[in-house]
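Please read these comments on the pockets and the aromatic contacts alongside the model.

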Amino acid sequence: MKVEFVTRKLQKACQDRRSLSHRWGPRLGPRVGQRLQELAAFENLGDVPTAPPFRRHQLAADRDEQFAVNLDGKMRLVFDIANDPVPRRADGGIDL
């Protein structure tokens, strides 16, 4: 799966181990980097497990086009689908 970033600054912070630890701390920084690498290794969003440790889940209400995966404890990595428009199934759900 292709992982893109909203800004170049965020991309730079997420691609360097030292920057990850500086931005998100020594415990959470490496986990963010690990999850991004793991997400990039999947073929598509439907392949990302819904069971722990990933626990891919769709957000609700006004954020229903966003997804999240677990990082550590209550911390999650939230992301959008880059396709515009978001791909939909016949029943209106998002085509993963």
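The points below take the pockets and then the aromatic rings of this predicted model.

1. The largest pocket holds about 820 Å³ of space. Its lining is made up of 30 residues, and those closest to the centre are Val3, Glu4, Phe79, Asp80 and Ile81.

2. Three elements, α1 (8-14), α2 (17-41) and β3 (75-80), each contribute at least two residues to the lining of the largest pocket. The biggest contribution is that of β3, with 6 residues. By class, this lining has 22 nonpolar, 6 charged and 2 polar residues.

3. The second largest pocket encloses about 260 Å³. It is lined by 14 residues, of which Cys14, Gln15, Leu20, Gly33 and Gln37 are the closest to its centre. Here α2 supplies the largest share of the lining, 9 residues. The classes in the lining of the second largest pocket are 6 nonpolar, 6 polar and 2 charged.

4. How many aromatic pairs does a search of the whole structure find? The search gives 2. One of them joins Phe42 and Phe54 in an edge-to-face arrangement, with 5.5 Å centre to centre and 80° between the planes. Phe42 and Phe54 each lie in the loop between α2 and β1 (57-58), so this pair ties together parts that are 12 residues apart in sequence. Phe42 is buried, and so is Phe54.

5. Phe54 has a further neighbour in Arg35, which lies over the face of the ring at 4.5 Å from the ring centre.

6. Why is the pair of Phe67 and Phe79 called stacked? The ring centres of Phe67 and Phe79 are 6.4 Å apart and the planes are at 25°; rings pair if their centres lie within 6.5 Å, and planes under 30 degrees apart count as stacked, so both conditions are met. Phe67 belongs to strand β2 (residues 66-72) and Phe79 to strand β3, and the pair links these distant parts of the chain, 12 residues apart.

7. Are Phe67 and Phe79 buried or exposed? Buried means under 20% relative accessible area. Phe67 has 2% relative accessibility and therefore counts as buried. Phe79 is buried as well, because its relative accessible area is 17%.

8. Phe79 deserves a second look, as it appears under two headings. Phe79 is among the residues closest to the centre of the largest pocket, and the ring of Phe79 is also one partner of the stacked pair with Phe67. The strand that holds Phe79, β3, gives the most to the lining of the largest pocket.

How values were computed:
Residues numbered from 1 in each chain as written. Predicted model: local features only at pLDDT ≥ 70, side-chain atom pairs only at ≥ 80, totals over all residues. Heavy atoms only, no water. 1 Å grid on protein atoms, 1.4 Å probe; cavity = no way out; pocket = protein on both sides within 12 Å on 5 of 7 lines; lining within 4 Å. Points joined across faces, edges and corners; volume = space filled by probe spheres on them. Helix = DSSP H or I, 4+ residues; strand = E, 2+ residues; numbered from the N terminus. Nonpolar A, V, L, I, M, F, W, Y, C, P; charged D, E, K, R; others polar. Phe/Tyr/Trp six-rings, centres within 6.5 Å; stacked < 30°, edge-to-face > 60°. Buried < 20%, exposed > 50% of the residue type's maximum accessible area, 1.4 Å probe, protein only. Lys NZ or Arg CZ within 6 Å of the ring centre and 35° of its normal.
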